[in-house]
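Thanks for passing this one along. Here are my notes, point by point, to read beside the coordinates.

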Amino acid sequence: MPPLLTFVARLSDGLPLVANTAPDSGIAVTQDHKNQAKDILRGLGGTRATARMSIDTNNNLIFHYLLRDSLCYLTLTEQSYPKRLAFLYLEEIADAFLESLAHDHGDRWREAVNTTARPYAFIKFDQVIQRKRKDFIDPTSRQNTTKLNEDLAGIQSIMRKNINEVLNRGEKLENVSSISSNLVAESKKFKWGAKKLSWQAMVNQYAPIVAMVVFVLFVLYIKFFW
């Protein structure tokens, strides 16, 4: 099943620049889904938000978002859709959107984004999203399997939250960013501790063997050369 809903928005205030809904997904994208997407986008404005996040909904669907160059790329997929592929989709959307902006506005593309006051001012990019979405319909296709195999991103580090935590409970996304930073710090400590334990285990395993070899060489030296 392809990505069901895709938004590109300005990060500072969540203004949607372009949106696309899959017409042939077989799953109805409701107004509630669209409202949730807009709430997420608005909630990111003015915060130190995590660059990538997955947000569970209550109906077997999940939002994924990617932040890049003061823009937010958000999509809605089924829970069964591979997370890594969802973020690869967003990466390709981001690459194509920035290329389109540079083509139309040159070096002033940031100004064009920052000064627009009209929602969906870049709606013509919808055609590109439609083409990209078709490329990601089947996660098991050879093309998408190859993309997954070539993807070296640490997708396991992407945070995952519930829609209620992000929206209904009013949790500030800057707090999520703080949590993410703490997790990264703790993971570094764990990685160093694991390396230290591994080194100690190797010393304990091979030290007796090395000592025995040195002793034998010493005895041979005394016997033949002393």
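1. Val8 has Val18 as its bridge partner in E2. Please keep in mind throughout that this is a predicted model. The two strands involved, E1 (residues 5-10) and E2, run antiparallel and are joined by five bridges. Between them sit five residues, which makes the unit a hairpin, and Gly14 in the turn has a positive phi of about 75°.

2. Is strand E2 mostly enclosed or mostly open? Of the six residues in E2 (residues 16-21), five are buried, so the strand is largely enclosed by the rest of the structure.

3. Helix H1 is worth a look for its regularity. Its 14 residues (31-44) reach 20 Å from the first C-alpha to the last, close to the 20 Å expected at 1.5 Å a residue. The buried residues of this helix are His33, Ala37, Ile40, Leu41 and Leu44. They span an arc of only 95° around the axis, which places them on the same side of H1. The pattern fits a familiar rule: an α-helix has 3.6 residues a turn, so residues three or four places apart point the same way.

4. Now the aromatic residues. Searching the whole structure gives four aromatic pairs. One of them is edge-to-face, because the ring centres of Tyr89 and Phe136 are 5.3 Å apart and the planes meet at 70°. This pair links distant parts of the chain, 47 residues apart: Tyr89 belongs to helix H2 (residues 83-105), while Phe136 is in the loop between helix H4 (126-135) and helix H5 (142-150). Both Tyr89 and Phe136 are buried.

5. Phe97 and Phe122 make another edge-to-face pair, with 6.0 Å from centre to centre and 85° between the planes. Phe97 is in H2 and Phe122 in the loop between helix H3 (109-115) and H4, so this pair ties together parts 25 residues apart in sequence. Phe97 and Phe122 are both buried. The ring pairs go further, linking Tyr73, Phe97, Phe122 and Phe125 into a cluster.

6. Tyr73 deserves a point of its own. This residue is located in strand E5 (residues 71-78) and, with a relative accessibility of 0%, counts as buried. What does Tyr73 touch, leaving aside its neighbours within four places in sequence? Its contacts include Phe7 and Val8, then His64, Tyr65, Leu66 and Arg68, and also Leu90, Ile93, Ala94, Phe97 and Leu98. The C-alpha atom of Tyr73 is 9.9 Å from that of Ala19, which is 54 residues away along the chain.

7. How is the nonpolar interior organised? The largest nonpolar core has 28 residues, and Leu71, Tyr73, Phe97, Leu101 and Phe125 have the most contacts inside it. At least two residues of this core come from each of E2, E5, H2, H3 and H4. Helix H2 contributes the most, with twelve residues. Apart from this core lies another, of 20 residues, among them Val29, Ala49, Ile55 and Phe63.

8. Finally, Phe125 connects several of the points above. Not counting residues up to four places away in sequence, Phe125 touches Val18, Ile93, Ala96, Phe97 and Ser100. Val18 is the bridge partner of Val8, and Phe97 is a fellow member of the ring cluster that holds Phe125.

Note on methods
Residues numbered from 1 in each chain as written. Predicted model: local features only at pLDDT ≥ 70, side-chain atom pairs only at ≥ 80, totals over all residues. Heavy atoms only, no water. Buried < 20%, exposed > 50% of the residue type's maximum accessible area, 1.4 Å probe, protein only. Helix = DSSP H or I, 4+ residues; strand = E, 2+ residues; numbered from the N terminus. Pairing = 2+ DSSP bridges. Expected span 1.5 Å × (residues − 1). Arc of directions from axis to C-beta. Phe/Tyr/Trp six-rings, centres within 6.5 Å; stacked < 30°, edge-to-face > 60°. Contact = heavy atoms within 4.5 Å. Core = buried A, V, L, I, M, F, W, Y, C linked by side-chain atoms within 4.5 Å.
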